Amino acid sequence: MTIFYFTGTGNSLAVAKKIGNKNASLISIPQIMDSSTMHYSDDIIGIVFPVYFCSAPTMVREFLKKIKLEAKYFFAVATHGGMVGNSLKHVQKFGKIKFDYANDIRMVDNYLPLYEISKEAAADAKRNTAEKIIAIADDIDNCKLKKTRTKILGKILSGILGNKRIYNKYPQNYIVDDKCNKCGICAKVCLAKNIVVNKNVTFDNKCEACFACLHLCPQNALHHKKQKSLKRWLHADVSLNEIILSNNRITDEGLAE
C-alpha cells in the first residue's frame, strides 16, 4: 500500500498513519513536489488530504495533475473541520482517477480566523474521531467500495469558494511579535517554502494557508490579525519533527534544507 498525504498540523498524517498501520509506504506530497519521479504503482494507492474552502489545497491539485498512478484499488480520505464540500470529486477530477473508496472524517479545524482551538478540541473528543478513523482503515484494508457523494450545498460552496486561490494573500495578515527568537521552525514546517528567517521573518506569496507556521511556533510568536484563539494545535499522534520532515522538499540530489 502506498499513501500520499498533505499535512500542516498533523490531522491528515495521523489518518494516513492509522490507515497504513506501519505496513504502508507513506509519502508526503510537499516532500516530492520537486522530484522528477512522478510514476508510482502498487496494489493499493490512496491519498489523504485536508479540505480548504470546500476543495483540495492548491498543491494537492498540482500534484495530482503531475503524478501517474497505477493500482488495483484507489482510495481517498478527506479530513475537514466543517464541510467536506465537493473536495473528493475535485481530487478525482484532477488526478483523473476513479476512486474505489472515498470517505471523509471530521477533525479539529485549525483555521484560526474562524475557530477557537479549545472548543474544537473539546468537540472532537465527543465525536469518537479515533473510532471512525479505525473504521475507515478497516474498510480500506478490506478493499471495500464506497462512492463519492456530495450534497447540493457542498457543490455550490465548492464552486464558489473552491476555485478562489486566495492563499497568497494570507501572510499580509500574519503578525510576528517580540517573542520570536528566530529559531526557524516556521520556515522548516512551511510546506510551500514561503518563509525565510534571517534578521526578520519574511513571507513570500506562495502560502497554502495550512497555518502550520502559526500553530507550530514554539514561542507562540506568530499570529493572524483576525485569529479567534491563542491556543494552537498539533495532532497528538504526530510530532513536530514528523511535520518538519514531511514538509521538507526532496530533489533528485536528496533532501533539501
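This report walks through a few features of the structure: a helix, a strand residue, some salt bridges and the cavities.

Keep in mind from the start that this is a predicted model.

**Helix α1 and what follows**

A good place to begin is helix α1, which covers residues 11–20. It is mostly covered, with eight of its 10 residues buried. The buried ones are N11, S12, L13, A14, V15, A16, I19 and G20. K17, on the other hand, counts as partly exposed because its relative accessibility is 29%, and partly exposed means between the 20% and 50% marks. Right after α1 comes N21, and its phi is positive, near 50 degrees.

**L26 and its surroundings**

Now move along to strand β2, which takes in residues 25–28 and includes L26. Is L26 buried, exposed or partly exposed? With a relative accessible area of 32%, L26 is partly exposed. If you set aside the neighbours within four places in sequence, L26 is in contact with I3, Y5, L13, A16 and K17. Two of the names on that list, L13 and A16, also turn up among the buried residues of α1. As for M1, it sits 25 residues away from L26 in sequence, yet the two C-alpha atoms are 8.6 Å apart in space.

**Salt bridges**

How many salt bridges does a search of the whole structure find? The count is five. Three of them are set out here, with the separation of their N and O atoms.

| Pair | N to O distance |
|---|---|
| K17 and E242 | 3.0 Å |
| D139 and K144 | 3.6 Å |
| K179 and D177 | 2.6 Å |

Take the K17 and E242 bridge, where the two side chains meet. K17 belongs to helix α1 and E242 to helix α10 (residues 240–246), so this pair ties together parts that are 225 residues apart in sequence. E242 has a relative accessible area of 27%, so it is partly exposed. K17 is partly exposed as well, at 29% relative accessibility, and K17 is also one of the residues in contact with L26.

In the D139 and K144 bridge, the partners fall into separate classes. D139 is buried because its relative accessible area is 18%, which is under the 20% cut-off. K144 is partly exposed, at 42% relative accessibility.

For the bridge with D177, K179 counts as partly exposed, with 40% relative accessibility.

**Cavities**

Finally, have a look inside. The structure holds three cavities of 30 Å³ or more. The largest has a volume of about 110 Å³. Which residues lie nearest its centre? They are C190, I195, C207, C210 and C213, out of a lining of 15 residues. By class, that lining has 13 nonpolar residues, one polar and one charged.

The second largest cavity has a volume of about 70 Å³. Part of its lining comes from a run of names that includes C180, N181, K182, C183, G184, I185 and C186. C217, P218, Q219 and L222 line this cavity too. Sorted by class, the lining of the second largest cavity has seven nonpolar residues, three polar and one charged.

Terms used:
Residues numbered from 1 in each chain as written. Predicted model: local features only at pLDDT ≥ 70, side-chain atom pairs only at ≥ 80, totals over all residues. Heavy atoms only, no water. Helix = DSSP H or I, 4+ residues; strand = E, 2+ residues; numbered from the N terminus. Buried < 20%, exposed > 50% of the residue type's maximum accessible area, 1.4 Å probe, protein only. Contact = heavy atoms within 4.5 Å. 1 Å grid on protein atoms, 1.4 Å probe; cavity = no way out; pocket = protein on both sides within 12 Å on 5 of 7 lines; lining within 4 Å. Points joined across faces, edges and corners; volume = space filled by probe spheres on them. Nonpolar A, V, L, I, M, F, W, Y, C, P; charged D, E, K, R; others polar. Salt bridge = Lys/Arg side-chain N within 4 Å of Asp/Glu carboxyl O.
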